Amino acid sequence: MNLVFKSIDIWYDDLGKELQEEFDRNLRYLVGVSKSWESEINKYCRNNMIPDVKINLNYQVMRQALIDAFDDLMRLKEYHPTEFPNPIKTMAYYVYWIVKRKPITVINDSILEEKRLSDTKKSKILFCNEHYCVQLLVDALFPYLKIDCANNDIHNYANEQLNKFKRYMLYFLTYRLESPKSLEAIMLSATLHPIWEVDKIIWDNPGDVFEEDL
Amino acid sequence: MCKREKTAKKVWLTNRDLFWIIVILFLVIVLLLCLVISGNANATNILSVVSTGISIVLSIIAIVYTFISGIQSSDINSETKTQIMLLQKEIENLKDSIEKKIQLQNEVGNYIESVSPLINRIAQNTNGSVVIDETIQKRAQEISEQIRRDFENDE
């Protein structure tokens, strides 16, 4: 068996202009969200007089995770040609590869001995890549999360359920993730509710489901 | 009318008046004592006994006063000591935070230096298009709120 590692630059050049733009846009988004993750957690720490969490984002590893995800998605596209990519499917692949590559590292692990941090918060810092990916998943699922439901009680209840779902997703990404397909299935099933609007592309052209049932 | 009443109340008895009243009363007492004692042959003995008694009472008052003031000063000392210790701790904390800030500043400086070539590289890869995408920035800001809520939530 002859294993050859392809040069990243050659891979990038072979993409073509459109995909290169898509790749750069996604990479900037992933890096931006990781910075938001760090700053929000440190805001909490500063407000509670806890030392800052110092993380290191390995840019090249993040890039590699995105390359792997792109490779998988392009291979899929060869078999199932689609005009518009499903954002849930693409995010499932990004998250799968980010969890596998783990581009984020906590530098000052002594923060995990901090008594003022609860066990849940410690797990969110310890499994920083997974927690970061939970935010990516929720953002991909509900890009219009800010739109409130007409009924506040239902909205509050839904928010509570969403928090529980996020906690389950953290557990799933940490211990149960085996393939992007399983992640995609969970994410799709999470959109089956009338509270927050989902991207129309997700359930686009399902066919006449009533006819299928008959 | 009211003003006059107020001013009358204010100047009814000053400290100077009190002083002179006390002096006059004291002189009256001395005069009365002189009149009483002048006919008595044991006046010297009586005076010496009275003065001894007064001196004993005064000495006891002085001892008690010294004792009370000593207790008060020791309390003040201990309070001052604790205050100084607290201040010392505060100063140490401030010193630590300043040192951390300086370290952070240096790290940020180093980080910016290390990041700038990467930014340039991204700029080259995007063929000169805008590096900071506003839509991405907005989405990152929106997601920040979600991250904060999620991290604060301990359920």
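Which residue just after α1(A) takes a positive phi? The legends below answer this and then move through a predicted model of two chains.

**View 1. The start of chain A, around helix α1(A) and the residue that follows this helix.**
The residue asked about is G16(A), which has a positive phi of about 95° and sits just after α1(A). Helix α1 of chain A, residues 8-15, is hardly covered, since the count of buried residues among its 8 residues is 0. For chain A as a whole, 27% of the 214 residues count as buried.

**View 2. Chain A as a chain of 9 helices and 2 strands.**
Following the sequence from its beginning, the reader can trace the pattern α-α-β-α-α-β-α-α-α-α-α in chain A. Among the contacts of chain A with a separation of 6 or more, 82% are made by residues that are 24 or more positions apart.

**View 3. Helix α3 of chain A, residues 59-79, seen with its buried and exposed residues.**
At 1.5 Å a residue, the 21 residues of this helix should span 30 Å, and because the end C-alpha atoms are 31 Å apart, the expected and the modelled span agree. The residues M62(A), A65(A), L66(A), A69(A) and F70(A) of α3(A) are buried. They cover an arc of only 135° around the axis, and therefore they lie on the same side of α3(A). On the face turned away from this buried side, α3(A) carries the exposed residues Q60(A), M74(A), R75(A), E78(A) and Y79(A). As for the partners of the buried residues of α3(A), these residues pack against α2, against β1 (55-57) and against α4 (87-101), which belong to chain A.

**View 4. The largest nonpolar core, which has 44 residues.**
Within this core, Y94(A), V95(A), L136(A) and L137(A) are the residues that touch the most other members. At least two residues of the core come from each of α2, α3, α4, α6, α7 and α8 (180-190) of chain A, and also from α4 (134-152) of chain B. A closer look at L136(A) shows that, when residues up to four places away in sequence are not counted, L136(A) touches V33(A), M91(A), Y94(A) and V95(A).

**View 5. The region where chain A touches chain B, with 25 residues of chain A in contact with 21 residues of chain B.**
On the side of chain A that touches chain B, the elements that give two or more residues are α2 (17-47), α5 (119-126), α6 (128-141) and α7 (152-176) of chain A. Of these, α2(A) gives the most, with 12 residues. Sorted by class, this side of chain A has 12 charged, 7 nonpolar and 6 polar residues. For the complex, the predictor gives an ipTM of 0.73 and a pTM of 0.61.

**View 6. Chain B, with 4 helices and 0 strands.**
Read along its sequence, chain B follows the pattern α-α-α-α, and buried residues make up 4% of its 155 residues. The average pLDDT of chain B is 80, and 75% of the residues score at least 70. Among the elements of chain B, the lowest mean pLDDT, 55, belongs to helix α1 (residues 2-10), whereas the highest, 90, belongs to helix α2 (residues 15-37).

How values were computed
Residues are numbered from 1 along each chain as its sequence is written. Chains are lettered from A and ligands numbered from 1 in the order in which they are written. This is a predicted model: local features need pLDDT of at least 70, side-chain atom pairs count only at pLDDT 80 or more; totals for chains, interfaces and linings use all residues. Two residues are in contact if their C-beta atoms, placed from the backbone, lie within 7 Å. Ala, Val, Leu, Ile, Met, Phe, Trp, Tyr, Cys and Pro count as nonpolar, Asp, Glu, Lys and Arg as charged, and the others, Gly among them, as polar. A residue is buried if 20 or more other C-beta atoms lie within 10 Å of its own, exposed if 12 or fewer, and partly exposed in between; C-beta atoms are placed from the backbone. The expected span of a helix is 1.5 Å times one less than its number of residues. The arc is that of the directions from the helix axis to the C-beta atoms. pLDDT is the predictor's confidence in each residue, from 0 to 100. A nonpolar core is a set of buried Ala, Val, Leu, Ile, Met, Phe, Trp, Tyr and Cys residues joined through C-beta atoms within 7 Å.
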